[in-house]
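Here's a quick tour of a two-part fold for anyone who likes to check geometry against the coordinates. Have a look at the model first, then read on.

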Amino acid sequence: MPVVINGVAVELPPDPRVSLLDLLREGLALTGTKKGCDQGGCGACTVLADGERILSCLALAVAYDGRRITTVEGLSAGDELHPLQQQFIDHDGFQCGYCTPGQLCSAIGMAAEAGRGVPCAVSTDITDEKIVLTDDEIRERMSGNLCRCGAHNGIISAIAATYAEPPR
Ligand code: FES
Ligand code: FES
């Protein structure tokens, strides 16, 4: 079975050592997903696998046989940006933009986790079926995505404007 990337079925590489990140960037020219550290420390390579955020630098492509991968290139609907992408623009959620694809994919996966009631270190009630995304919740949940430009305040604001309840 192939892997489905942004809705397109793609054959897996014959070399089982190829990371999902290298398949995306080198094999498919989907260079929106960025290589920062290549060792799981920065979050720049975050993509969605069946809606869950993963670090593609630590993922072997062959392990995603039959899965649906979404990269930053797959977030918009034609010319229409994903709402979170628009909020990143509106809230100055980036400077150089290198971390942004990973931030976007991570935030989308993060919001889904909170929606399923998955707690994090700052959650006050781990029995909640749905976590309200306060700034503290967002900061903690997004702590694996680094921004060397220091655009974190704008990033958090953009995510809160999209996913916090009530939105701000
Ligand atoms: S490139 Fe994957 S976590 Fe840094
Ligand atoms: S915007 Fe430059 S690293 Fe985040």
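What follows goes from the domains to the shared core, and then on to single elements and residues.

This is a predicted model, so local features need pLDDT of at least 70 and side-chain atom pairs count only at pLDDT 80 or more, while totals for chains, interfaces and linings use all residues. Residues are numbered from 1 along each chain as its sequence is written, and chains are lettered from A and ligands numbered from 1 in the order in which they are written.

**Domains**

The protein splits into domain 1 (3–74) and domain 2 (83–163), with bounds that come from an automatic or database domain assignment. Their centres, taken over C-alpha atoms, sit 21 Å apart. Across the boundary, 14 residues of domain 1 are in contact with 14 residues of domain 2; contact here means that the C-beta atoms, placed from the backbone, lie within 7 Å. On the side of domain 1 that touches domain 2, strands E3 and E4 each supply at least two residues, and E3 gives the largest share, three residues. That side divides into six nonpolar, five polar and three charged residues. For the bookkeeping, Ala, Val, Leu, Ile, Met, Phe, Trp, Tyr, Cys and Pro count as nonpolar, Asp, Glu, Lys and Arg as charged, and the others, Gly among them, as polar.

Helices (H or I, at least four residues) and strands (E, at least two) are DSSP runs, numbered from the N terminus.

**The core**

Which residues touch the most other members of the largest nonpolar core? They are Leu20 and Leu104, in a core of 40 residues. A nonpolar core is a set of buried Ala, Val, Leu, Ile, Met, Phe, Trp, Tyr and Cys residues joined through C-beta atoms within 7 Å. Buried means 20 or more other C-beta atoms within 10 Å of the residue's own, exposed means 12 or fewer, and partly exposed is in between, with C-beta atoms placed from the backbone.

Strand E1 (3–5), helix H1 (20–27), E3, E4, H2, H3 and H5 each give two or more residues to this core, and H3 has the largest share with six residues. Both domain 1 (3–74) and domain 2 (83–163) contribute, so the core lies between them. Leaving aside neighbours within four places in sequence, Leu104 is in contact with Val72, Leu75, Leu84, Gln85 and Phe88. The buried residues of H1 are Leu20, Leu21, Asp22, Leu23 and Leu24.

**Helix H2**

In H2 (residues 83–90), the buried residues are Leu84, Gln87 and Phe88. They cover an arc of only 105 degrees around the axis, which puts them on the same side of H2; the arc is that of the directions from the helix axis to the C-beta atoms. These buried residues pack against helix H3 (100–115) and helix H5 (152–163). The face turned away from the buried side carries the exposed residues Ile89 and Asp90.

**Strands and the E3–E4 hairpin**

E3 (residues 46–49) and E4 (residues 52–55) pair in the antiparallel sense over four bridges, where pairing asks for at least two DSSP bridges between the strands. Val47 stands opposite Ile54 in E4. The hairpin has two residues between the strands, and Asp50 takes a positive phi near 50 degrees.

Over in strand E5 you'll find Thr70, which is buried, with 20 other C-beta atoms within 10 Å. Apart from neighbours within four places in sequence, Thr70 is in contact with Asn6, Val47, Leu48 and Leu75. Thr70 and Ala49 are 21 residues apart in sequence, yet 6.5 Å apart in space, C-alpha to C-alpha.

**Loop residues**

Most residues other than glycine have a negative phi. Ala29 has a positive phi of about 60 degrees although it is not a glycine, and Asp92 likewise has a positive phi, of about 50 degrees.

| Residue | Loop between | C-beta atoms within 10 Å | Class |
|---|---|---|---|
| Ala29 | H1 and E3 | 9 C-beta neighbours | exposed |
| Asp92 | H2 and H3 | 13 other C-beta atoms | partly exposed |
| Gly74 | E5 (68–70) and H2 | 19 other C-beta atoms | partly exposed |

Not counting residues up to four places away in sequence, Gly74 touches Asn6 and Gly7. Gly74 and Ile156 are 82 residues apart in sequence and 22 Å apart in space, C-alpha to C-alpha.

How values were computed:
Two residues are in contact if their C-beta atoms, placed from the backbone, lie within 7 Å.
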